[in-house]
Amino acid sequence: MMSSVCMADITEIKSMNNPPEAVKTTIYALAVLLGGGVVPQDWATARKQTVTEKDLMHRIQSFDKNNISDNTIRALQSYTCKDDFKPDIVKQKSKAASAIC
């Protein structure tokens, strides 16, 4: 689904100062994924590490999903196991975030 992410999605998420939990969970997971397993401490950090990055679209499109480290997978599990980390649930809160989920 990450291939369906567009700049409008990024702009929408970037504008959120206090997003719903499902959106936060999605962006935290993206930050962990792109940051090699480094867990962001708060929403501002997660947002800075993801949607405010100038090359985010390139990073998403060129991401090698077949070579994710064990450390990153372990770090992601704390997000992917949450009930609200499902595209249908995230879409109810933000269509843009659901494209990332």
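This is a tour of a predicted model, stop by stop, with a selection to make at each one.

**Stop 1: colour by confidence**

Start with pLDDT. The protein averages 89. Of the residues, 97% score at least 70. Now select helix H2, residues 21–34: confidence is highest here, at a mean of 94. Then select helix H4, residues 56–61, where confidence is lowest, at a mean of 84.

**Stop 2: the largest nonpolar core**

Select Val5, Ile10, Ile13, Ile27, Val51, Leu56 and Ile100. The largest nonpolar core has 30 residues, and these seven touch the most other members. Which helices each supply at least two residues of this core? They are H1 (7–14), H2, H3 (43–49), H4, H5 (70–80) and H7 (95–98). The largest share comes from H2, with 10 residues.

Keep Ile13 selected and show its contacts. Leaving out residues up to four places away in sequence, Ile13 touches Ile27, Trp43, Arg47, Val51, Ala96, Ala97 and Ile100.

**Stop 3: helix H1**

Select H1 and show its side chains. Asp9, Ile10 and Ile13 are buried in this helix. They cover an arc of only 100° around the axis, so they sit on the same side of H1. What do these buried residues pack against? Their partners are H2, H3, H4 and H7.

**Stop 4: Thr26 and Lys24 in helix H2**

Move to H2 and pick Thr26, which is found in this helix. Thr26 has a relative accessible area of 1%, so it counts as buried. Residues up to four places away in sequence aside, Thr26 touches Phe85, Val90, Ala97, Ile100 and Cys101.

Next, pick Lys24, also placed in H2. Is Lys24 buried or exposed? Lys24 counts as buried, at 17% relative accessibility; the cut-off for buried is under 20%. Show its contacts with the same sequence filter of four places: Asn18, Pro19 and Trp43 appear. Now draw a C-alpha to C-alpha distance from Lys24 to Arg47. The two are 8.8 Å apart in space and 23 residues apart in sequence.

**Stop 5: helix H5, two faces**

Select H5. Its buried residues are Thr72, Ala75, Leu76 and Tyr79. They are on the same side of H5, because they cover an arc of only 100° around the axis. These buried residues pack against H2. Rotate to the face turned away from the buried side. There you find the exposed residues Asp70 and Arg74.

**Stop 6: the aromatic pair**

How many aromatic pairs does the structure hold? It holds one. Select Tyr28 and Tyr79 to see this pair. The rings are 5.8 Å apart, centre to centre. Their planes make an angle of 55°, and the pair is classed as tilted. Tyr28 belongs to helix H2 and Tyr79 to helix H5, so the pair links distant parts of the chain, 51 residues apart. Both rings belong to buried residues: Tyr28 has a relative accessible area of 14%, and Tyr79 has 7%.

**Stop 7: the cysteines**

Select the cysteines and look for disulfides. The structure holds zero. Cys6 is in no disulfide, and the nearest cysteine sulfur, that of Cys101, is 16 Å away. Cys6 counts as partly exposed, at 36% relative accessibility. Cys101 is in no disulfide either; the nearest cysteine sulfur to it belongs to Cys81, 13 Å away. A disulfide needs a pair of cysteine sulfur atoms within 2.5 Å, so neither of these distances qualifies. Cys101 counts as buried, at 16% relative accessibility.

**Stop 8: Lys93**

Finish on helix H6, residues 87–93, and pick Lys93. Its relative accessible area is 48%, so Lys93 is partly exposed. Which residues is Lys93 in contact with, leaving aside neighbours within four places in sequence? Show Pro20, Ala22 and Val23. Last, draw a C-alpha to C-alpha line from Lys93 to Asn17. They are 76 residues apart in sequence and 14 Å apart in space.

Key:
Residues are numbered from 1 along each chain as its sequence is written. This is a predicted model: local features need pLDDT of at least 70, side-chain atom pairs count only at pLDDT 80 or more; totals for chains, interfaces and linings use all residues. Side-chain values use heavy atoms; hydrogens and water are left out. pLDDT is the predictor's confidence in each residue, from 0 to 100. Helices (H or I, at least four residues) and strands (E, at least two) are DSSP runs, numbered from the N terminus. A nonpolar core is a set of buried Ala, Val, Leu, Ile, Met, Phe, Trp, Tyr and Cys residues joined through side-chain atoms within 4.5 Å. Buried means under 20% relative accessible area, exposed over 50%, partly exposed in between (1.4 Å probe, protein chains only). Contact means heavy atoms within 4.5 Å. The arc is that of the directions from the helix axis to the C-beta atoms. Rings of Phe, Tyr and Trp (its six-membered ring) pair if their centres lie within 6.5 Å; planes under 30 degrees apart count as stacked, over 60 as edge-to-face and the rest as tilted.
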